[in-house]
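Grab a pencil and keep the viewer open. Here are a few short exercises, each with a solution you can follow step by step.

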Amino acid sequence: MTLTHCLLLASFLFCVGVYGLLTRRQAVAVLLSLELMMNAANLAFASFAHFKGGPGQVFVIFALAITVAEVAIGLALVMLLYRRYDDTALDRASEAKG
Amino acid sequence: MNALFVLAALVTAFAAVLVVAGKNLVRAVMALALALLGTAVVYALLDASFLAGVQVLTYVGGVVTLMIFGVMVTRRHEGANAPAERVHGFRGLVIAAGLFALLAWAVMESDLDRGAPPIFAPETTRSLARSLLDEHLIAFEVVSLLLLAAILGAVVLARRRDGRDAGSELLAAATREAVESQTQGEPVEAAGSARGGAAR
Amino acid sequence: MSTLQSWAALAVLAPLAAALLCVVLPPLRKAGKPAAALCLLSSLVSAGSALYLLTQHETGSVSRTTIPWIVFGGKAIASIGVHVDATSVVMLVVVTMVALCVQIFSTAYMHDEKPSSYGRYFTLHALFLFSMNTLVVAPNLMQLFAGWELVGLTSYLLIGFWFQKPSAAKASVKAFWMTKLADMGFVFALLVLFVATRGFEWSARLSTETATLVTALLFLAVVGKSAQFPLHVWLPDAMEGPTPVSALLHAATMVAAGVFLIVRADPLFAQAPATRDVMLWIGSGTALFAACLALVQTDIKKVLAYSTCSQLGYMVAALGAGSAFAGFFHLGTHAFFKALLFLGAGSVIHAVHSNELADMGGLRKKMPWTALTFGLGALSLAGVPGLAGFFSKDHVLSELEGRAGWIPWALLMLTSFLTAFYMGRVLIKAFGGAPSAKAHHAHESGGAMLLPLFVLAVPAVGAGFFGGKLAEWSGAEYHLHLGLTPIVASCLALGGIFAALAVFGRGKTAPFTSVLEGLDRASAVDRTWAGLYRHVLLGVSAVMGFIDRYVVDGLMNAIGYSTIESGASVRRLQTGRIHDYAMAVVVGALLIVLWGVLR
């Protein structure tokens with residue numbers, strides 16, 4: 001177990017999250033992908049903290065709090081979306097079309 | 001220790017793929033919970049026992065529950081007869097793979113494992129608490145403000161004008177589903193979808 | 001922590017305990033009477049320990065206990081604790097005694113309320129007493145600020161106690177915003193002070209420029225809290241709250257917190273003569289201006305509200321003249337007689353169910369005890385020789401002798417006359433003459449309302465004789481002398497009362513001409529405001545409007561037109577699909593990483 005291994009795992013999780021973010025239509029699924037990406041970033045922080053020192057763990061705590069806030073707001077937005085379009089597919093909301 | 005890390009990493013990676021690959025949202029949430037648990041194990045291996053605990057408590061306990069709730073409240077069109085699940089899947093795959101290749105290359109090139117193994121004292125829960133409430137006190141307070149704002153924002157966003165809350169909304173959605181399937185005169189399919197819903 | 005400091009801490013913490021109990025035990029609060037009893041008990045404990053501190057006080061003794069607060073990087077930025085000296089002990093006694101009287105009065109005054117709001121009322125009172133005591137015993141400006149904001153909050157809650165009434169809700173919001181606006185000054189003052197001295201002590205040595213900046217910012221907060229011109233407008237509206245609240249918060253204690261702050265921070269203000277000059281003028285100007293307005297109010301509480309503005313003006317002027325003792329002395333006496341006046345007014349309002357002076361009249365026969373105590377308070381406020389108000393007001397005026405070309409002195413002398421005049425008017429209209437329709441059925445209030453009146457009447461009459469002791473404790477000079485100021489002031493006070501008798505006392509029909517005169521004076525002030533608004537503000541606005549419409553808007557329209565044109569050509573880029581935006585973000589991030597790697 002080295003820093004390189006941990007960072008490779010983190011990169012993989014992040015890219016899987018990116019893939020989900022880009023391709024899933026369901027709003028909840030997009031939120032799940034975002035969670036994966038946040039988790040990957042946290043893992044990178046913790047790995048650096050372990051192998052190189054520094055306040056990485058504190059950052060993870062803050063990132064966790066931000067994630068929780070993001071989930072709360074995200075789900076509220078999903079509810080709004082559902083109420084407005086009777087569906088949670090993200091591409092239903094396309095009022096911003098120019 | 002290495003074997004445990006490899007196992008945890010494999011489980012985490014596999015579960016992550018399940019999160020984005022499957023069609024069924026409830027299953028995806030469960031896969032996410034597994035991936036987060038795997039990460040928690042990695043945290044524990046990284047001498048971050050407090051983080052591992054918090055990860056299990058807030059993520060697996062809180063976030064996943066919230067997600068399940070979100071799926072259930074909005075589940076009407078989820079599942080078997082949902083429209084096409086993906087948008088430009090190939091482009092997304094290319095971009096994600098490219099990003100991973102780039103990141104992996106950067107990580108490998110940086111030669112991060114050079115030098116002596118860590119000699120500094122690992123972070124304990126006590127030292128973590130000290131740095132959180134002393135050195136990073138202001139950031140800590142700002143985060144509490146952020147959480148307050150998020151709570152208020154979520155309440156304002158999710159509140160209905162007619163004062164019904166999410167719970168009654170869930171009930172209403174279920175009732176509507178039942179009524180619709182009955183009025184359409186398709187008892188077999190209705191029973192099937194109900195069973196499918198229960199299974200989900 | 002010595003015994004004295006423990007007593008001071010008890011005075012602060014007892015109301016907090018009561019308030020917390022009432023907050024965390026809703027059944028207790030909603031039961032009403034038990035909550036009231038608990039809060040009264042805590043006030044009694046508070047007042048008792050304050051009185052004990054007063055009896056134990058020795059000249060020149062100053063002691064404090066603090067614990068670190070906001071530890072940052074291993075070092076405490078501020079500290080909280082208690083500071084026991086002459087100023088805090090005397091203020092503590094004034095605050096807790098008035099609060100106790102007001103709360104006893106409230107048990108009768110508010111008895112028509114639902115049990116839940118009855119409990120809420122007393123909970124808020126306990127919270128207020130805690131906040132005010134926190135402010136009074138503060139060992140540094142940081143804790144003082146914390147108490148300052150807390151009293152602001154309770155003031156907001158209590159003004160809006162009857163929040164179902166739109167006017168009360170509006171008044172509470174107005175008071176909140178006006179004082180918060182001013183409190184920005186306090187925040188900035190604390191910031192500047194901290195940057196300059198790494199602390200929040202009021203005894204800090206500063207350069208003249210820094211001291212002027214800090215004190216000017218502090219004074220801004222005082223102008224808001226103590227309702228000085230031009231931020232005084234919230235105080236008359238605050239009368240929407242229950243009358244005992246007006247007595248406690250908006251007459252006796254909370255609005256005096258501003259004056260208390262200047263007394264506390266006197267070492268800072270002593271280093272900033274420029275700020276003191278401004279205070280001198282604003283104080284005396286407010287005193288006269290508010291007295292003029294008090295003359296024409298038809299609502300008995302608004303008369304008293306403007307009178308409070310005016311008397312606070314006296315205190316600010318005294319502090320501007322550099323005499324912290326004079327300002328503080330007047331603060332103390334004013335707290336007693338103004339609380340007495342407000343509670344008397346509350347007793348009257350309770351009897352006739354109206355705030356309007358026109359609905360009263362002839363009450364001296366129906367409510368003799370209220371009339372007697374209210375009269376004593378009014379005479380004390382008017383500055384009739386021998387009563388408390390006379391001594392403190394006389395001392396303020398003596399301190400102003402010869403300052404700034406005698407002009408502030410003259411302004412305040414004129415205010416003295418007006419004070420006597422408008423208080424005479426209230427006395428005659430409410431208690432003299434024949435009863436109005438509503439006043440026919442009035443009857444004397446019960447014991448729970450009369451007792452506080454009697455208790456407060458004692459210091460309202462006799463607190464002046466305490467001045468020597470207070471001066472000794474504060475290290476100031478104070479002695480009565482038969483000079484120019486006392487004689488002129490006494491003559492003006494008595495003259496004001498006789499003028500009121502001559503003008504308003506001649507039956508109900510005759511004084512119409514003079515009443516109109518008074519009204520005319522009021523509308524002159526109003527007209528000045530309206531004229532200022534119409535001609536100056538609207539004139540400037542018209543010019544601004546022209547510039548805005550043709551110069552700024554022309555430019556904007558040109559820019560806007562070109563923006564629309566160019567926007568139309570690139571709008572195709574916006575597909576409105578979230579996935580496309582996400583893709584753009586990710587690709588952008590990828591390009592940034594790539595650039596970083598290849599650089």
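**Exercise 1: Sizing up chain A**

Chain A exposes about 3000 Å², and carbon and sulfur atoms supply 71% of that area. Bear in mind that this is a predicted model.

Task: Work out which secondary structure elements chain A has and in what order they run.

Solution. Start with the tally: chain A comes to three helices and zero strands. Next, walk along from the N terminus, and the elements read α-α-α. Now look at burial: 68% of the 98 residues of chain A count as buried. Finally, take the contacts in chain A with a separation of 6 or more: 57% of them are between residues 24 or more positions apart.

**Exercise 2: A glutamine in a loop**

Task: Find Gln26(A) in chain A and decide whether Gln26(A) is buried or exposed.

Solution. First, place the residue: Gln26(A) sits in the loop that links helix 1 (3–23) to helix 2 (27–52) of chain A. Second, check its cover. The relative accessible area of Gln26(A) is 2%, and the cut-off for buried is under 20%, so Gln26(A) is buried. Third, measure across to Asp87(A): the two residues are 61 residues apart in sequence, yet their C-alpha atoms are 8.8 Å apart in space.

**Exercise 3: A histidine in a helix**

Task: Locate His330(C) and list what His330(C) is in contact with, leaving aside neighbours within four places in sequence.

Solution. Begin with the address: His330(C) belongs to helix 15 (residues 324–352) of chain C. Then turn to accessibility: with a relative accessible area of 0%, His330(C) is buried. Last, collect the partners. Once neighbours within four places in sequence are set aside, His330(C) is in contact with Gln311(C), Tyr314(C), Met315(C), Phe337(C), Ser392(C), Lys393(C) and Val396(C).

**Exercise 4: Two helices side by side**

Task: Describe how helix 13 and helix 19 of chain C pack.

Solution. Two numbers get you going: packed helices are described by the angle between their axes and the distance between the axes. Here, helix 13 (residues 273–294) and helix 19 (residues 407–431) of chain C pack at about 25°, with axes 9 Å apart. Angles under 35 degrees count as roughly parallel, so helix 13 of chain C is roughly parallel to helix 19 of chain C. Add the handedness: helix 13 of chain C passes helix 19 of chain C in a left-handed crossing. Now for the residues that meet. Helix 13 of chain C brings, among others, Leu280(C), Trp281(C) and Leu288(C), while helix 19 of chain C offers residues including Leu411(C), Tyr422(C) and Arg425(C). Sorted by type, the residues of this contact divide into 14 nonpolar, three polar and one charged.

Note on methods. Residues numbered from 1 in each chain as written. Chains lettered and ligands numbered in written order. Predicted model: local features only at pLDDT ≥ 70, side-chain atom pairs only at ≥ 80, totals over all residues. Heavy atoms only, no water. Axes fitted to C-alpha atoms, helices over the stretch in contact; angles between N-to-C directions. Helix = DSSP H or I, 4+ residues; strand = E, 2+ residues; numbered from the N terminus. Parallel < 35°, antiparallel > 145°, perpendicular 65-115°, else oblique. Left-handed = near helix turned anticlockwise from the far one by under 90°. Contact = heavy atoms within 4.5 Å. Nonpolar A, V, L, I, M, F, W, Y, C, P; charged D, E, K, R; others polar. Buried < 20%, exposed > 50% of the residue type's maximum accessible area, 1.4 Å probe, protein only. Areas by Shrake-Rupley, 256 points an atom, 1.4 Å probe, with all protein chains shown as cover.
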